[in-house]
Structures are given as structure tokens and as C-alpha cells.
Amino acid sequence: MTFDTAPRRRCAVVGLGARARLYTQALAGPYADRVDLVGFCDVNAHRMDVHNDWIASVHPDRVPVPTYGAEDFDEMLRRERVDLVVVCTVDRTHDDYIVRALEAGCDVVTEKPMTTDAERARRILDARRRTGRSVRVAFNYRYNPVHSAVRELLAGGEIGEVGSVHFEWLLDLRHGADYFRRWHRDKADSGGLLVHKSTHHFDLVNWWLDATPHTVFAQGGLFFYGDEAGRRRGLARDYIRAHGSPAADDDPYALRLADEPILKSLYLDAESEDGYHRDQNVFAPGVTIEDDMAVLVRYDSGATLTYHLTAYAPWEGYRIAFNGSEGRLELLVEETTWSRPGTRTALHGAETDEDAGRTELLLRRFWERPREIKVATGEGGHGGGDVRMLDDLFGDAGADPLGRAADATAGARSLVTGLAANESLASGRAVRAADVLSVGL
Ligand SMILES: NC(=O)c1ccc[n+]([C@@H]2O[C@H](COP(=O)([O-])OP(=O)(O)OC[C@H]3O[C@@H](n4cnc5c(N)ncnc54)[C@H](O)[C@@H]3O)[C@@H](O)[C@H]2O)c1
């Protein structure tokens, strides 16, 4: 007979918004035999209650998770004897919770981006060093089976030494617009999309190539969203937030919170507490982030990356090509093929089966016919990456031959490209990664 000797973790979640649902449902459900969910912490009490209601609807006998206001975070760690903290707050606040949790002796799982600027990243790396505790960054895209296959093919030398990568990522009008409706639209909150979103993509490249960014040059700006572009193209309507605004009625970019039970309970019903408006006009003033960015990176391996992120595309997905000394590897992933007007975020995927996109991974070795590599894609968010990541974080992790588990160093290494790109956008010059964040990456 064998016994499971892994100690049970006592886990708290801070930031009970949309993303936290992945964790609260998993921890109260499939991982409840390994992890005790012992605390919720948020500035908004209503949202914590909504998470407890969701849990109760599936597990009616479960005692509600104790809830704490943000000012009682340290008290929660003590009173509930927490040893693992999951951070799902607004990006700007990640560092504060990560550092306080580490100093209280906890391990941390943080949502991406690890943080939003170099100073905050240094604080996290220092605290991790000082405390010896662990920080895991939730890079779910590493766990997407097709991305793991790319890693295996490259590490296995199928195209030889990689000389360059060409990487284009498109956000469709539903998902892309969503970053301009709420806190992400302020660079101080999110670091801009080169940090908030591209951290996933830069992490993938670092991991695929096993390389560290050296020099970064970027160009781009706010092309489509924001008040100036909206007015110029006649797309702007005269309202600040959609709910209760007749001017939003015929706006295909307006988010209708009252029509979506999850969005209504999580945001509309909660806003009297903190004034968080989830449905702002994407063409209203106040946008300080970019929506169209081109980035050129040179890595310490000598490889180069040309990268483009567009947040206003008709379809969502990405194309990547790796040029190697023995061939080329090409990946096309269509996550959605089009956007329906007036719909929510793209995280809900295609509207019908006919709309579902396709995934194509092609290996083109020199002097050989192209070979399509078939990869079974996964169910669930982010191409099946979410469920696999949860298993690695909270389940029986087992061996990790592909090195998918990302620590704080990987979190910082992925950030540095976006931070340097932001500096390059501001200065118009190429930026050395080490001048932005020199922490022995
Ligand atoms: N890995 C992924 O694919 C993925 C997907 C979506 C979101 N995320 C990340 O998850 C995080 C949350 O995103 P979201 O979409 O759930 O946002 P959200 O706005 O729905 O939720 C954020 C929550 O943080 C709370 N909060 C804000 N300031 C706080 C503070 N100072 N202290 C405590 N709580 C505070 C808010 O009240 C809210 O409940 C972000 O870091 C985001 O980048 C990751």
C-alpha cells in the first residue's frame, strides 16, 4: 500500500476577479484533497462573496472561505496559517502581495505579468532571495500542448541552431477592445500591452530558445482605440461607460454588463463599493497604452526576434516561424476566425463550431518535404494550457522534462523585453536589456 505523503497546503487567493475563478473553482474542486482554500482577500467584498456563491453552488456543504479586506492581508496570513498565496490582483499591485507573502514565509503563485516595472521586479527577486521561498509565475501558455511540442522539436535539434524568429500575435475586436475598457488602459496599472500581454509571448520565446534578451528596439503607438483615433474615424460615441448610456446602444464595441450573468455579478453588482467600471468606452479619453507595436530583439544566443502585437484584428491567433541552420518550423494558431459585434471578451472563444479556428504546425527541414506535426490540442482555456498548469501547480506535478514550471527569474526575464520595448518607444532608441533590469538573468 502507498500513502500520499505530500503535506496539505493552506492557500489564500488575493484578487477575486475574473481570472481568480480558474483557481477558486480548481482549489475548491479537483484539488481540494491536496490544498485547503483558507482565505480570500480583495478590496471589494462583493466579489469575494460571488466567488463563495459559485463554490457553494457546486459544493453546497462547504463552509464559505473566510474573506478579508486588503488592509487585513497580513492578518489573514497569520490567522489562517497560510503557506501558499495565489495573486490575481490588478498587475500594479502584484509586487506588494508577493513580497508580503514571501516575508510571511509563504510560497507564491502569481498571475502574469509578474509585475509592471523594473523596480518592482527587483523587489520581488530580492525578497525571494532573502526568504528562500518560491515564486511561480502562471505562464499557462507553456502548458499548451502545441507550445510544448515546439519546445520539444527545437530542443531536439529538428531545425538545427535557431537564427531568427518571426512572431505575429493578433487580438480580435472582442478581446483586444477589452484591454481598453478597464484598468489595463492605464499604463500605470498594466505596464501597457507589451508588458501585460506580451509577457506571455516573450516568455515563450525565451523558453523555446533557452535564451535571454540582450537588445530591444520598438516602434508603435495607439492607432485604433482612444478618443483621438475614434473621433477621426467616426467610431467614437459620446459616453464614458456603456451601462445606462443610450449613446452606447449602437456601439459594436460596447460591453453589456447587464446581459452577462457572470459579468453582472462580478462587476456591475459590485461597483457601488469601489467604482470599478468594467465597461468603459474604448474611444473615450484616458487611454495611455498602445494597441499596435513592432519589436525587434537580439538574444544572448545571437538569434533575433521580429515581433508584432495588434489589438484590433478581425480574427484572433498567431503565426510564428523559426528559421534554423537545418530548416524552418512554422506554427499557425487561429483561436477565433471573426468577432460578432457587441460581444464580450474573446476568452469565450468562437461562437459556434463552424467558427472554430485551426492549428497547423509544419516542420520544413532542408531538402525534405514539409511534414505536418499533429498535436492533440487540449480542452479549456488557453489551448488546454490552464488545466495542465493547474495540475503542475497543485496536483501531482511529477517530472518536468520540458522545464515548463516558471519561477520569478523567468517572470523577470519575460518582463525585461516589454520594459525595454516601452523604454525604446519613449526614447526612439535601442535599449540594452541589462540596463533596464540587471539581476543576473
Ligand atoms: N494567465 C492568463 O492567461 C490571464 C488571463 C486573465 C487575467 N490574468 C491576470 O490575472 C490578474 C487579474 O485579472 P482579471 O481579469 O481577473 O482582473 P479583474 O479586474 O477581474 O480582477 C482583479 C481583482 O483584483 C482586485 N483588486 C484590485 N486592487 C486590489 C488591491 N490593491 N488589493 C486586493 N485586491 C485588489 C479587484 O477588486 C478585482 O477583484 C491580472 O494580473 C491579469 O494579468 C491572466
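Start at Trp-367, in the loop between strand 13 (359–365) and strand 14 (371–372). The model is predicted. Check the backbone of Trp-367: phi is near 65 degrees, a positive value in a residue other than glycine. Is Trp-367 buried or exposed? Trp-367 counts as exposed, at 88% relative accessibility.

**Other backbone stops**

Select Arg-81 next. Arg-81 sits in the loop between helix 3 and strand 4. Here too phi is positive in a residue other than glycine, near 50 degrees. Arg-81 is exposed, and its relative accessible area is 56%.

Move to Lys-112 and Pro-113. The peptide bond that joins them is cis, with omega at about -15 degrees. Pro-113 belongs to the loop between strand 5 and helix 5.

**Helix 4**

Now select residues 94–103, which form helix 4. How many of its 10 residues are buried? Seven are, and helix 4 is mostly covered. The buried ones are His-94, Asp-95, Tyr-97, Ile-98, Val-99, Ala-101 and Leu-102.

Show the surroundings to see what covers these buried residues. The cover includes strand 1 (9–14), helix 3 (73–79) and strand 4 (84–87). It also includes strand 5 (107–110), helix 5 (118–131) and strand 6 (135–137). Step just past the end of helix 4 to Gly-105, where phi is positive, at about 90 degrees.

**The ligand site**

Display the ligand and its surroundings. Which residues are closest to the ligand? Of the 28 residues that surround the ligand, the closest are Asp-42, Asp-91, Tyr-97, Tyr-267 and Tyr-276. Tyr-97 has already appeared among the buried residues of helix 4.

Then pick out three side chains with polar atoms by the ligand:

- Arg-47: an N or O atom of its side chain is 2.7 Å from an oxygen atom of the ligand.
- His-94: an N or O atom of its side chain is 2.9 Å from an oxygen atom of the ligand.
- Trp-183: a polar side-chain atom is 2.9 Å from an oxygen atom of the ligand.

His-94, like Tyr-97, is one of the buried residues of helix 4.

**Cysteines**

Select the cysteines. Across the whole structure, the search finds zero disulfides. Cys-11 is in no disulfide, and the nearest cysteine sulfur, in Cys-88, is 9.3 Å away. Why is Cys-88 unpaired with Cys-11? The two sulfurs are 9.3 Å apart, so they are too far from each other for a bond. Cys-11 is buried, with a relative accessible area of 0%. Cys-88 is buried as well, at 11%.

Go on to Cys-41, in strand 2 (residues 35–42). Cys-41 counts as buried, at 0% relative accessibility. Draw a distance from its C-alpha to that of Ala-12: the two are 7.6 Å apart, though 29 residues separate them along the chain. Turn on the contacts of Cys-41, leaving aside neighbours within four places in sequence. They include Val-13, Val-14, Gly-15 and Leu-16. Tyr-68, Gly-69, Ala-70, Phe-73 and Met-76 also touch Cys-41, as does Met-48.

**Domains**

Color the chain by its domain assignment. This gives domain 1 (9–139), domain 2 (141–225 + 287–436) and domain 3 (227–274). The C-alpha centres of domain 1 and domain 2 are 26 Å apart. Where these two domains meet, 30 residues of domain 1 are in contact with 36 residues of domain 2.

**Nonpolar cores**

Finish inside. The largest nonpolar core has 95 residues. Which of its residues touch the most other members? They are Phe-167, Trp-208 and Phe-322. Helix 15 (residues 408–427) supplies the largest share of this core, eight residues. Domain 1 and domain 2 each contribute at least three residues to this core.

Center on Phe-167. Setting aside residues up to four places away in sequence, Phe-167 touches His-201, Val-205, Trp-208, Leu-305 and Thr-306. The list goes on with Tyr-307, His-308, Tyr-318, Arg-319 and Ile-320.

For the last selection, take the other core, which lies apart from this one. It has 25 residues, among them Val-13, Leu-27, Phe-40 and Leu-390. Val-13 was also among the contacts of Cys-41.

Technical notes: Residues numbered from 1 in each chain as written. Predicted model: local features only at pLDDT ≥ 70, side-chain atom pairs only at ≥ 80, totals over all residues. Heavy atoms only, no water. Buried < 20%, exposed > 50% of the residue type's maximum accessible area, 1.4 Å probe, protein only. Helix = DSSP H or I, 4+ residues; strand = E, 2+ residues; numbered from the N terminus. Contact = heavy atoms within 4.5 Å. Disulfide = S-S within 2.5 Å. Core = buried A, V, L, I, M, F, W, Y, C linked by side-chain atoms within 4.5 Å. Domains from an automatic or database assignment. Near = heavy atom within 4 Å. Polar contact = N/O pair within 3.5 Å; in protein donor to acceptor, adjacent residues only side chain to side chain.
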